[in-house]
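This report takes the disulfides of the structure below and then turns to its sheet.

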Amino acid sequence: MRAVASALGVLLTAATTAPAGAAPSGPAWRPCPENQQVQCAAIRVPVDWSRPGAGSLDLAVARRPATDPAARVGTLVLLPGGPGSSGIDQLLAGPAASAQVASRFDVVSFDPRGFGRSHPLRCDSRLVGDVPDIAPGPGRYDRLRRHDREVDADCRARSGPLADHVDSASVARDVEALRRSLGQQRISLYAVSYGTVAGQEYAERYGAHLRALVLDSVFDHAADTRGFLTSTAAAAEDSFAGFARWCDRDQRCALHGQDVGAVYDGLRERAGRGELTGPDGGRVGMFELSRGTTTALYRPDWPGLADRLRALRDGRRGPGAAPAPPTTAYPAEAVCADRGVDIRSDRDYERDWRWQHEVAPHLLIGQGGQAAWGCLDRTAANPPHPPEFGATPPVLLLQSRHDPATPHRWATDLARRVPTAALLTYDGWGHGVYGRDRCTVDVADRYLLDLRLPPRDAHCPAA
């Protein structure tokens, strides 16, 4: 492993970066091979921003030029979520903004360091997927911690020094390098989901270079371990309850007329005993069941979730899943870099599990609990802290009332901390607000184009 890490270290340190105060050269834009309407390039950034001369990586970026250059307002940078989502893939698929915004902004995005086309972290996918039972029990904490250490060591061996520098503060500094390379005095920034952590970091460090800032589906980087775990568990349970109520009243639900909570509880118990199998015949553990359910609540895809839960209950088989690649990016590395978890023993683990169970009697855990097991005994490079927005312009926050991943409370807490922020609540379900319907698009576009905020506590009705 040391030989692999050493070779990758040489690869990453072979190139040098410009001195911190020097103006970087602009991106060498070329048509992207996948879509000629989109331009692709790369900018060079340090692996470790605290030691700019100790090695660099090429950050993959993409741009859709404004379709009406004569009316161009400026540059809109899209900060993708995940962690690990590809901003380039989003631009290749479409403008990632309304036609009105796309006509007046150069829309730019990138693949965050460690993912996609930007030197993706490499980890043994089989080791990553071989998760011990996450339910509490004697010796459970030590088994999970041992697994975490093995995964961490493997990722470091395969990925080199970059594995220590995939935190959101480093991503925010990459965004600033991108702004400078574009030659823009100020940029407009749209961040979504986990990308809002880096968006908040950028506002703290470089607020004077922001023309506008939209934070969509806000992630609370100030939450302590208990707040992180219980609030995400409660949010997932709230969304599941909405799904169950839909099943009660709508015959399109494959579980209509049944106790949906009891169906899920039965699946969870079978998963805990190692008796639950998926359509491909593979074992489905509690972690996979929880993650798959929460993911289906993002859109939300209630009919698809009902079909999946019924298939799992009835043991229906389907086409086998494609074999996993031998190595894969591991988003938990980024989560752990931004927050450790205050869990040091079986007693702590059982306590935190109980906290979550109290607010999520069916799902037991949410996105926080799904991530926490992978961050045991880890020190965060970018520890949680309340954001301090200084020179930022007025900020627009977008948040669903019923979001399974980022609770509405996180957005209201940030709105209280940022006096210049206005919060638009979409009174519906799902994760991600911009583009939900005409109301959410109009409010966000009005702000991006004309810098006009809605009332401080505005609402869009559920579609």
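In this predicted model, C32 and C40 form a disulfide with 1.9 Å between their sulfur atoms. The torsion about their S-S bond is about 100°, so the link is right-handed. C32 and C40 are both buried.

The structure holds five disulfides in total. A disulfide is a covalent bond between two cysteine sulfur atoms. With the bonded cysteines numbered in sequence order, the pairing reads 1-2, 3-4, 5-6, 7-8, 9-10.

Three of these links are set out here.

| Disulfide | S to S distance | S-S torsion | Handedness |
|---|---|---|---|
| C32 and C40 | 1.9 Å | about 100° | right-handed |
| C247 and C253 | 2.0 Å | 65° | right-handed |
| C336 and C375 | 2.1 Å | about -85° | left-handed |

Are C247 and C253 buried or exposed? C247 has a relative accessible area of 0%, so C247 is buried. C253 reaches 4% and also counts as buried, because the cut-off is under 20%.

The C336 to C375 disulfide has a torsion of about -85°, so this link is left-handed. The pair connects distant parts of the chain, 39 residues apart. C336 sits in helix 12 (residues 332-338). C375 lies in the loop between helix 14 (367-372) and strand 10 (395-402). Both C336 and C375 are buried.

Now the sheet. It is open, has ten strands and shows mixed pairing. The strand order is 1-2-3-5-4-7-8-10-11-12. Why is one side of strand 1 and of strand 12 left without a neighbour in the sheet? Strand 1 (30-32) and strand 12 (457-461) stand at the edges, and each has a single partner strand, so one side of each stays without a neighbour there. On average, neighbouring strands of this sheet are turned by 25° against each other, direction ignored.

Within the sheet, strand 4 (residues 74-79) pairs with strand 5 (residues 105-110) in the parallel sense. Five bridges make up this pairing. V77 stands opposite V108 in strand 5.

Which strands does helix 6 touch? Helix 6 (residues 168-182) packs on the sheet and touches strand 2 (35-46), strand 3 (56-64), strand 4, strand 5 and strand 7 (187-192). The direction of helix 6 makes about 115° with that of strand 2.

Helix 7 (residues 195-206) lies across strand 4, strand 7 and strand 8 (210-216). Helix 7 runs at about 150° to strand 8.

Methods. Residues numbered from 1 in each chain as written. Predicted model: local features only at pLDDT ≥ 70, side-chain atom pairs only at ≥ 80, totals over all residues. Heavy atoms only, no water. Pairing = 2+ DSSP bridges. Helix = DSSP H or I, 4+ residues; strand = E, 2+ residues; numbered from the N terminus. Axes fitted to C-alpha atoms, helices over the stretch in contact; angles between N-to-C directions. Contact = heavy atoms within 4.5 Å. Disulfide = S-S within 2.5 Å. Buried < 20%, exposed > 50% of the residue type's maximum accessible area, 1.4 Å probe, protein only.
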